[in-house]
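Me: I would like to go through this model with you and ask, term by term, what justifies the words used to describe it. Please set the values against the cut-offs where the reasoning needs them.

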Amino acid sequence: MTFRTRVIRRLSSCLLLAAFFGSGCSDTTDTAATAGWSSVASLPEPLQELFGAVLQGHIYVAGGFDTNRAATRVAYRYDPVSDEWSAIAPLPEPRHHMPLAVANDSLYAIGGLSAGGFGAVETLWLYDKPNDRWVPRAPLPEPRGASAAGAVDGRLVVVGGFGVGGRLLDSIAIYDPSTDSWSRGAPIPTRRDHLGAAVVNSLLYAVGGRPRDPNRNLNSLEVYELGTDTWRALAPLPTARGGLAVAPLGDVVYSYGGETSTSVFDDHEAYDVVTSAWTTLEAMPLARHGLAAVGLDGRIFVIGGGPRAGFAQTAVVDVFTP
C-alpha cells in the first residue's frame, strides 16, 4: 500500500476554542475537510469510551459514557450504503471501556467497566442479530476493563486492561466460540490499559496504552501469534499515546487520537506490517480520545470520543480514505 507521506500538523478546532473562549467542542463541532478526510452521518448521540466492530458490512458500537457522564446501555448500527445509524437492542447493563469484536460472523461485547465507577467486570455478551438481543456467554477468566481485543482464526483474543482494584493485567484471555470456553495465552510483555488492538494476517498487534496514568503514555508495539503463543516487540509507535483507537485495513494498522491529563491528540500514524515501518499521515480533523475506529470498504471510520481530556463527548464520525 502506498501512503501519503505529507505531514499535516494543526491545532484542532476544539483546542482553539478552549484556548480563546474557555470552552471546548460539543457534538456539533465542525470538522472542516482535511486532505484524505471526509465526514458521514453523526452518531445518534455523543458518546466516548466506546468501541466499534464490523459485522456483515455494517458498523456496530455499544456502551460508553453519555453526556451525563454516565455509563450507557445504548448500541447502534451504521449502514454505509444509506449513511444512517439505527438503534439496536440495548446492552443488558451499562458499560464503558468495553471492547467489541467479531469472531465467526458473530459480534461480542467483552468485559468492560460498570456503571457508577471504574470497576472491571467479567461479562461476555453475544449479539443475537436475528432476534435483536444480547445473550450471555461464558464469562472472562477475570474481570477486565480498558482492554483491547481482536479475532484470530475464529477465536477472541483479549489483551491488556485492568482488573479488580485497578490492577494492571498481563495475562491474556482467549475465547473459543465453538466450546463457549476460555483459555490463557502468553502474558503480554508490557502491562497497560487504554491500548488498541488490530488483527492482520492472523497476528494481533497491541498498540500504545498507559499504566493507569494518562501522563505516562507508552509507545509500545507488540505482536501476538496465537499459533505459537508468543509475543514479539516491533518498531515503537512514533507518538506515545493511551486512550487511542486502532483499526486494520489491508496490511496496515492505523492509530488515532489519545490523551494526557490535560490535552488530546490529533495524531494519525500507520504501521505497515509488510515493511515494518510507521508513517505519519494527515492529522485527524478533530482531536479526541476514547473513540472507536473500524476499517470497512477501503476506508477507516473514526467514531465519537472525547474532544477534551477526561469527560467529554462528541457524535462526530470522520472517515479517512487512504
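Me: How many bridges join strand β12 to β13, and which way do the two strands run?

Reply: This is a predicted model, and what follows should be read in that light. Five bridges join β12, residues 148-152, to β13, and the two strands run antiparallel. Since pairing requires at least two bridges, the five found here satisfy the rule, and β12 and β13 are therefore called paired. Among the bridge partners are Ala151 with Leu156 and Ala148 with Val159.

Me: What makes β12 and β13 a hairpin, and what is particular about Asp153?

Reply: The two strands form a hairpin with two residues between them, and Asp153, in the turn, has a positive phi of about 50 degrees.

Me: How do you know that β13 also pairs with β14?

Reply: Three bridges join β13 to β14, residues 172-176, again in an antiparallel arrangement, and because the rule asks for at least two bridges, these strands also count as a pair. Leu156 has Tyr175 as its bridge partner in β14, while Ala151 is the bridge partner of Leu156 in β12. As for its surroundings, β13 is mostly covered, with four of its five residues buried.

Me: Why is the sheet called open, and which strands stand at its edges?

Reply: Four strands form the open sheet in the order β12-β13-β14-β15, with antiparallel pairing. β12 and β15 (181-185) stand at the edges with a single partner strand each, so one side of each is left without a neighbour in the sheet. From one strand to the next, the twist averages 25 degrees.

Me: Why is Val54 called partly exposed?

Reply: Val54, which lies in strand β2 (residues 51-55), has a relative accessible area of 25%. Buried would need a value under 20% and exposed one over 50%, so the 25% of Val54 falls in between and the residue is partly exposed. Leaving aside neighbours within four places in sequence, Val54 is in contact with Ile59, Val102, Val294, Gly295 and Leu296.

Me: What makes Arg241 and Glu269 a salt bridge, and are the two residues buried or exposed?

Reply: Their side chains meet at 2.8 Å, N to O, and because the limit is 4 Å, the pair qualifies as a salt bridge. Arg241 lies in the loop between β19 (230-233) and β20 (245-249) and Glu269 in strand β22, so the pair ties together parts that are 28 residues apart in sequence. With relative accessibility of 0%, Arg241 is buried, and Glu269 is buried as well, with a relative accessible area of 1%.

Me: How do you know that Arg210 and Glu259 form a salt bridge, and which parts does the pair tie together?

Reply: The closest N and O atoms of Arg210 and Glu259 are 3.1 Å apart, a distance that meets the 4 Å limit, so the name applies here too. Arg210 sits in the loop between β17 (203-207) and β18 (221-225), and Glu259 in the loop between β21 (252-256) and β22 (268-272), so the salt bridge ties together parts that are 49 residues apart in sequence. Both Arg210 and Glu259 are buried.

Me: Which residues are linked in a network of salt bridges?

Reply: Glu142, Arg144 and Arg184 are linked in such a network. Within that group, the side chains of Glu142 and Arg144 meet at 3.0 Å, N to O, and both of these residues are buried. By this rule the count comes to eleven salt bridges.

Me: How many aromatic pairs are found, and why is the one between Tyr205 and Tyr271 called tilted?

Reply: A search of the whole structure finds 14 aromatic pairs. Tyr205 and Tyr271 are 6.2 Å apart, centre to centre, with 50 degrees between the planes. The limit for a pair is 6.5 Å, and stacked means under 30 degrees and edge-to-face over 60, so these two rings form a pair and that pair is tilted. Tyr205 in strand β17 and Tyr271 in strand β22 are 66 residues apart, and both are buried.

Conventions:
Residues numbered from 1 in each chain as written. Predicted model: local features only at pLDDT ≥ 70, side-chain atom pairs only at ≥ 80, totals over all residues. Heavy atoms only, no water. Buried < 20%, exposed > 50% of the residue type's maximum accessible area, 1.4 Å probe, protein only. Axes fitted to C-alpha atoms, helices over the stretch in contact; angles between N-to-C directions. Contact = heavy atoms within 4.5 Å. Phe/Tyr/Trp six-rings, centres within 6.5 Å; stacked < 30°, edge-to-face > 60°.
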